[in-house]
Amino acid sequence: MDLITTHVNADFDGLASMVAARKLYPGATLVFPGGAQEPVRNFLALHDLGLARLKDLDLTQVTRLILVDIQEPERIGPLKDLCLNPAVSLHIYDHHPDADHAGGGAGLLRADLRVVEQVGATTTMMIERLQAQSLALTPFEATVLAIGLYEETGSLAYISTTARDLEAAAALLRAGADLNMVSDRLRPHLDPEQITLLNDLLHHSEVYYLDGRKVLLATSTYDRYRGDLSEAVHKLAELEGLDAVVAAIAMEDKAEIIGRSRRPEIDVGRLLQEFGGGGHAVAGAASVKGKTLIEIKERLARLLHEQFRPTLLARDVMTRPVKAVEDEATVAEAGDRMTKYGVNVLPVLDNKERYLGLVTREIIQKALFHGLAGASVRTVAQTDQYQAEPDTPFREIEARMIERNQRFVPVLDGTKVVGVITRTDLLRTLHDDVLAAARARVKGETPSASSHRRDVGSMLKERLPARVAGLLKQAGELGDRLGLLVYVVGGFVRDLLLGIENLDLDVVVEGDGIAFARALGRQLAARVKVHERFGTAVVVCPDGFKLDVATARTEYYEYPTALPTVEQSSIKKDLYRRDFTINTLAIRLNGRFGELIDFYGGQRDLKEQTIRVLHSLSFVEDPTRVIRAVRFEQRFGFRLGKETLTLIKGAAKMDLFHRLSGQRLLTELMLLFSEEEPRKAVARLGELDLLRFIHPALAWSSRLAALLKGVEQALAWHRLSDLRQQIDPWLVYFMAIMDVIPHKAVGETLMRLALPDRHAEKIRTGHRASPRILRQLAKRPPPSPADTYRLFQGQADETLLFLMAKSKSESAKRRISAYLTTDRHVRPALTGTALKAMGLKPGPQYKKLLETLLEARLNGRVTSEAEERALVKQLIGG
């Protein structure tokens, strides 16, 4: 007899895996070794799955035992003896790898077949085997399997969920799984007893911070609850939005411990093995007798700190490099430096860059008040502040900062300051989820446990070509060897999260970016173009793929609209200098590869589809960001944040645009006109009264709207026609906005923006010639093809496309189309050599004859070489 079973206190994953196993082992008997969770019992009360009762079976007849979702002998109750019988063949299917169990697999059952794979649910493994054998599921069977799969993976949201689980879910849906039944089973309403239990757990709970991870330890003496304790603990984890929850609940003669974790590094399965239980990284359980809840809680707290080693060190959270002040600088100079760099504390260094102490803005202001502006900053520095080292555990730094009320901790390597940890760094590491949860509750959403750091490593692998993902991995590994932190940043990260293809890689290095680029170039056999002044380089791979590398920088502006002064800094400062929050995202390429870093709320604004600046002087420092804000708003279909919109209007009133260099304004306009739909962006600039900064005579109008719409259509035709001639699409849009202002204003604009001569001449010619050419095309009778040829000859393709956009005549558009696609390439079959062979003496008549032949060809009078020869003879009277 074949017997299929699972662990005691069976859950839906165990039940579903048993149902699937019966398809693989036809005729096998299903049996629980000892009880099931309440939701499973309730389900079986309504649906008969043909399970036998253990007491009704003759176990001596069992020749093969199939275990699913279990491989530990202590969790199969009375069937343990059967497992130890060498005459019984044992097959095991489990999704808990050996490493998740005590002793790395020691004490596990012997097996003739052991299939253990790291997926979110054992059900997934069974579905894959059913597919491999082409075994079909009924809709009800698919529903049972879906309940097991969704329960074990938290509706495919647990950190342990894999791509295979999603593919298995898709297979079940195709087989007819009823998601309404799945939802009803997995999301029951809270009953009064469950609410009472949750309330008791919350009132007797304590949060433990483990290197920025939040673990809730809760206890309850409410012993009248008869429901599924694991479901109650799961609800508790959802309510609090924590990284992990461990609850100990007193029953009549024992205590039940249930653990749930969203972080695999907080392994609740391993934790509860210490109490004789088990499970896996994200879920575990244990039963304890003879211990009080206080004893259990104290032991849990101790084990958490023992097992969760301090992996978070000062070097992981510190900001670097550090802005400092020399000890001989004056108090006034120190104050100026704080304002320039936007900081409130500066380390004080001697002439050998050795750390001496700290000076705060508060101290500086008091010193200035007392007339000490010219005093050495060394005389007012604090020298007794707590200092950390790069390998100091974060939890120690946290404790010292709280004890000493210290908001700024220098991190020293010997006597050198290699980084700093601020109160903001501390709060972000510990409590970033609090802000996220508060925002969610305000909007009526369910708070999540997300923070400003999240793992997107799998997203990099799935959404990028293998070549590019491998290149990022190589860059990170090189950073490890060189002792540098390496990140990919900016638009690439933004578009990755939006699901938009973007392979423009911008890599930022905390340290010497140029040295890193050269080392990467040697490793890849690539060319490296260096820009020493800006601390940047371009790595050009042998296949032509490019990678931009920069040193992490900070910048400040000497005056509004000036180009920024750039200095080496940290990734945090580097991201702060960027234009909008959605562009401040970074992904670590080493240390913790794939970790998304979000200091400034970029993820939030992507979700809320909002364009937001980082600080209130952003547009004052660089007014071109206004155009960029509109460009991103229209590209992504986002909206300008309320404060950002107010700041744009303020910048317009301050009239800062006129102080911009023409080249910088032109660059932004070229980028805007290179977008997919520039018309919407120009309309938005008009709505915000910003077109006047291109020229005071320029304003949004129905005429301009029609012109830009026409340009869109003309350029779309050009793309579809697959013409060989390369054009500058942005130039056609520029011609359109110049067409609605007087000729004198056009000249002023071209001079103001300092357009290159080749572009400026095309715009001038187009502005002057377009009315004349369109009048000629509108004549009656219409000009011949040859006349049209002469009319268009010498005009730039951009000018002709603009004419196509401007013309309201379909006939004129067809003439332009015919010229661009066909007529411009027409040539007579006869050449000068052929004319000479016909007996004609070389001379001016050659040119006239060839022009006549071309005209005849264009007008259709001749269509072959023979007809051309006949025409030549007619013309020369022969």
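Here is a friendly exchange about helix packing, buried residues and backbone details in a predicted model.

Student: Let's begin with helix H4, residues 122-132. How many of its eleven residues are buried?

Tutor: Buried means under 20% relative accessible area. Among the residues of H4 that fall in this class are Thr-122, Met-125, Ile-127 and Leu-130. H4 is largely enclosed by the rest of the structure, because the number of its residues that are buried is eight of the eleven.

Student: Which elements cover the buried residues of H4?

Tutor: The cover includes strands as well as helices. The strands are E4, E5 (89-94) and E6 (113-116). The helices include H1 (12-24), H5 (139-152) and H6 (163-174).

Student: How are H1 and H4 oriented relative to each other, roughly parallel or roughly antiparallel?

Tutor: Two packed helices are described by the angle between their axes and the distance between the axes. For H1 and H4 the axes are 8 Å apart and the angle is about 15°. Angles under 35 degrees count as roughly parallel. H1 and H4 are therefore roughly parallel.

Student: Which residues of H4 meet H1, and what is the make-up of that contact by class?

Tutor: From H1 come Asp-13, Ala-16, Ser-17, Ala-20, Ala-21, Lys-23 and Leu-24, and they meet Thr-122, Thr-123, Met-126, Arg-129 and Leu-130 of H4. By class, the contact has six nonpolar, three polar and three charged residues.

Student: Is Thr-122 in H4 buried or exposed?

Tutor: Thr-122 lies in helix H4. Leaving out residues up to four places away in sequence, Thr-122 touches Asp-13, Ser-17, Asp-69, Tyr-93, Asp-94 and His-95. With a relative accessible area of 0%, Thr-122 is buried.

Student: Asp-94 came up there. Which residue's side chain makes a polar contact of 3.2 Å with the side chain of Asp-94?

Tutor: The partner sits in the loop between strand E4 (64-68) and helix H3 (80-83). This partner is buried, with a relative accessible area of 0%. Its side chain also makes a polar contact with the side chain of Arg-114, at 2.9 Å. The residue that pairs with Asp-94 at 3.2 Å is Gln-71.

Student: Now for H13 and H14. How is H13 placed relative to H14, oblique or roughly parallel?

Tutor: The axes of H13 (residues 331-341) and H14 (residues 361-369) come within 10 Å and cross at roughly 140°. Angles over 145 degrees would count as roughly antiparallel. The crossing angle therefore makes H13 oblique to H14.

Student: Which residues make the contact between H13 and H14, and how many of them are nonpolar?

Tutor: H13 contributes Val-331, Ala-332, Ala-334, Gly-335, Met-338 and Thr-339. H14 contributes Arg-361, Ile-364, Ala-367 and Leu-368. By class, two are polar, one is charged, and the number that are nonpolar is seven.

Student: Is Glu-353 buried or exposed?

Tutor: Glu-353 belongs to the loop between strand E14 (345-349) and strand E15 (355-360). Its phi is positive, near 60°, in a residue other than glycine. At 52% relative accessibility, Glu-353 counts as exposed.

Student: And what is the relative accessible area of Gln-609?

Tutor: Gln-609 is placed in the loop between helix H22 (602-608) and strand E28 (610-611). Its phi is positive too, near 55°. Gln-609 is partly exposed, with a relative accessible area of 41%.

Student: Last one: which residue does a cis peptide bond join to Arg-780?

Tutor: The residue lies in the loop between helix H31 (757-777) and helix H32 (785-792). Omega of the bond is about -5°, and the residue joined to Arg-780 is Pro-781.

Methods:
Residues numbered from 1 in each chain as written. Predicted model: local features only at pLDDT ≥ 70, side-chain atom pairs only at ≥ 80, totals over all residues. Heavy atoms only, no water. Axes fitted to C-alpha atoms, helices over the stretch in contact; angles between N-to-C directions. Helix = DSSP H or I, 4+ residues; strand = E, 2+ residues; numbered from the N terminus. Parallel < 35°, antiparallel > 145°, perpendicular 65-115°, else oblique. Contact = heavy atoms within 4.5 Å. Nonpolar A, V, L, I, M, F, W, Y, C, P; charged D, E, K, R; others polar. Buried < 20%, exposed > 50% of the residue type's maximum accessible area, 1.4 Å probe, protein only. Polar contact = N/O pair within 3.5 Å; in protein donor to acceptor, adjacent residues only side chain to side chain.
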